[in-house]
Structure formats: structure tokens, C-alpha cells
Amino acid sequence: MANSKQIAEKAPHVLHHFVDSDQQFESSKLGMWIFLVTEILFFGGLFVAYIVYRALHPELFIMAAEQLDTTMGAINTAVLIASSLTIAMAIRAAQLNQKRNLIILLSSTIALAFTFMVIKYFEYTHKFDLGIYPGSYYTFEGIDHELASVFFSIYYMMTALHGIHVVIGIVFIGILVYKASKDKFSPEYYTPVEITALYWHLVDIIWIFLFPLLYLID
Amino acid sequence: MSAHHALPLNTLLYTAGALLILTIITVAVTWLHIPEPFNVVVALGIATIKATLVALIFMNLYWDNKFNTVVFLSSIVFFLVFVLITLLDTLFRDVPFGIY
């Protein structure tokens, strides 16, 4: 039959319900973009909280943001941009069938993600030492505003949710390194690298907005 | 296989370079102490340029199926609706919020 002949010609990674490799690749990518839309709206709720409180209490945000370390925030921005570059280069390595480069670039991305989390750890512990905790645990007295804890609740929710996304990204990129070492990727099939990179770039984009909104209020 | 064209290495490196330069600019403009509403406009403007660069080049939207761009932009449209409708409530209340 004509149909069974067509199926026999498909590459081994193409599932039976797709016409060909390109269609499967495009479908996976569209699915990832739809997931990213839900992620944007997920973070969107926190951005709305930020906008509402900043509109109500602009002076609070100017006073409280002085407690955030702009240098550390700027370094973390650069670290995430570098990690976006390495994962974009990893896709290129997969397309060009450079297995060694693919593993090196994915591992560099993981290293940069850890660097981000370590800097975040130092920022958080410094604030905890001062008594800057979220919500009702807030005990810091250096900001003369009755709603100072509200700013830091927003700060912790936004940066911690972002940090969780970085940790999840580390896990998924780790899986990519494992699969790459087992020779699972080729120029014909590298879909997991592509869609994990899309996720990682979105995490970068969220931070690109968090950095000026939280750290750069003067 | 036309969809799997690898980007030139220089395109990726220049994009990352532009993003780093824009990061330096966004920090540097805070030293100018631009008056209140405009500092937010400048900061968000630079952030939007950076996000656009990431989306177009690193996320490949520029060369990709345009439907993915439509999907991405739809999330921004709905986010703006979310912001607008919420502010229509919170900015125009006769009775202020309680403890918050």
C-alpha cells in the first residue's frame, strides 16, 4: 500500500502522526510558544501587583529599592545574557553536528545559571541578616515607611519565582547534556535543545524587566 | 530542511554584545537622575529593546514561522488588558485600601 511505504520512509525520530520531521519540529516549537504564553501571564500577575502598589505608593518604592544592590543585579543581568548566548550557540552546534561543542556550551549555560543562583543567595542572606523577610516576618527598621514590607514581599515573590525557573532550567539543560553525551541529537533532530533554549531565553527576558523595575529605582 | 539554517556565529555574538551595552546604558542613565515619570519610561524602553533583541534573534522569531510571533504578542496584549482593567479599579477607589 502507498501509506505503509510512506511510513517506512520516515526518519526514526518522527512519530507516526506527523507527516515529516519538519512538521514535528514546528509543532513542538508552537507547543512551547503556547507554554511560554502561560508563563508570561503567570509572571504577569506579579507584575500587575508591582504596578498597582507602585502606582499607589511611589515613594515607598524609591525608599525601599535603596536596600537592593545594583552592582549584584547588574552582574546577574550580564550572567543571564551570557547564558542566553551560550545556549543559542548550543543550538548552532547541534545544527552543525558539533557534539563536543554542544556539550561544552550546554555545560557553560548550567555553570552560568549556578553563578546567577549563587549571587542571588548572597543577596538574599544579606537581607535576611538585616531582618528583611517577606510579609509578616519583616523586622527591618531602616526604612521609614509603614508599608516597607509590602515592597519586599513583591521583591521576594518575583525574584524567587524567577529563581525557581532558573533551577528548573538547570535540571532541563542537565538532561540535554546527558542526552547529548548519549548521541541522541543530530542536525535532523535537536528539538529538545531548541525548546529548552526558548524557555531559557524567556527566563532571561523576565529578568531583563525585573532588573530595572526592582534595582534601578532611584 | 530549509527551516534548520544555522545562524552565523557573529550574529549571536553581536546580539549578546548589544544586550550587554544596553545593560550598561540602563544602569548609567540612573546616574543622570531623570525626573520621575520619565526614568521609568527610559528604563522600560531599554528593557523592551533588549527583550525584542532576545525574542527576534536568540529565540529566532525573525526567521521563524510568523504564527509563533503572533502567539507571543498575544500574551503581551492580554497582559496589558490585565494591567489596564486592574488599574481602572485600584486607581479610582473612593475608599482607600485597608492595611495595604
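This passage describes chain B, its contact with chain A, and the nonpolar core to which both chains contribute.

The structure is a predicted model, and the scores that come with the prediction are a good place to begin. For the complex, the predictor gives an ipTM of 0.93 and a pTM of 0.93. Chain B has an average pLDDT of 91, with 92% of the residues scoring at least 70. Among the elements of chain B, the mean pLDDT is lowest for H2(B), at 94, and highest for H1(B), at 97.

Turning to the fold of chain B, the secondary structure comprises 3 helices and 0 strands, and the pattern along the sequence reads α-α-α. The radius of gyration of chain B is 19 Å, whereas a compact globule of 100 residues would have a value near 13 Å. Along the principal axes, the C-alpha atoms of chain B fill a box of roughly 60 × 35 × 20 Å. Burial can be read alongside these dimensions: of the 100 residues of chain B, 19% count as buried.

The next topic is the contact between the chains. Chain A brings 41 residues to the contact and chain B brings 37 residues. On the side of chain A that touches chain B, the elements that give two or more residues are helix H2 (21-56), helix H4 (70-95) and helix H7 (191-215) of chain A. Of these, H2(A) supplies the largest share, 16 residues. Sorted by class, this side of chain A has 29 nonpolar, 6 polar and 6 charged residues.

What, then, is found in the largest nonpolar core? This core has 72 residues, and those with the most contacts inside it are Ala90(A), Ala94(A), Leu102(A), Leu106(A), Val193(A) and Ala197(A). The elements giving two or more residues to the core come from both chains: H2, H4, helix H5 (99-130), helix H6 (148-181) and H7 from chain A, and helix H1 (9-28) and helix H2 (36-58) from chain B. The largest share of the core, 15 residues, comes from H7(A).

Ala90(A) offers a convenient view into this core, being one of the residues with the most contacts inside it. Leaving aside residues up to four places away in sequence, Ala90(A) touches Leu102(A), Leu105(A), Leu106(A) and Thr109(A), as well as Val193(A) and Ala197(A). Readers with the structure open may like to start from Ala90(A) and look for these partners, including Leu102(A) and Val193(A).

Notes. Residues numbered from 1 in each chain as written. Chains lettered and ligands numbered in written order. Predicted model: local features only at pLDDT ≥ 70, side-chain atom pairs only at ≥ 80, totals over all residues. Helix = DSSP H or I, 4+ residues; strand = E, 2+ residues; numbered from the N terminus. Rg over C-alpha atoms; globule rule 2.2 N^0.38 Å. Buried ≥ 20, exposed ≤ 12 C-beta atoms within 10 Å, placed from the backbone. Contact = placed C-beta atoms within 7 Å. Nonpolar A, V, L, I, M, F, W, Y, C, P; charged D, E, K, R; others polar. Core = buried A, V, L, I, M, F, W, Y, C linked by C-beta atoms within 7 Å. pLDDT = per-residue confidence, 0-100.
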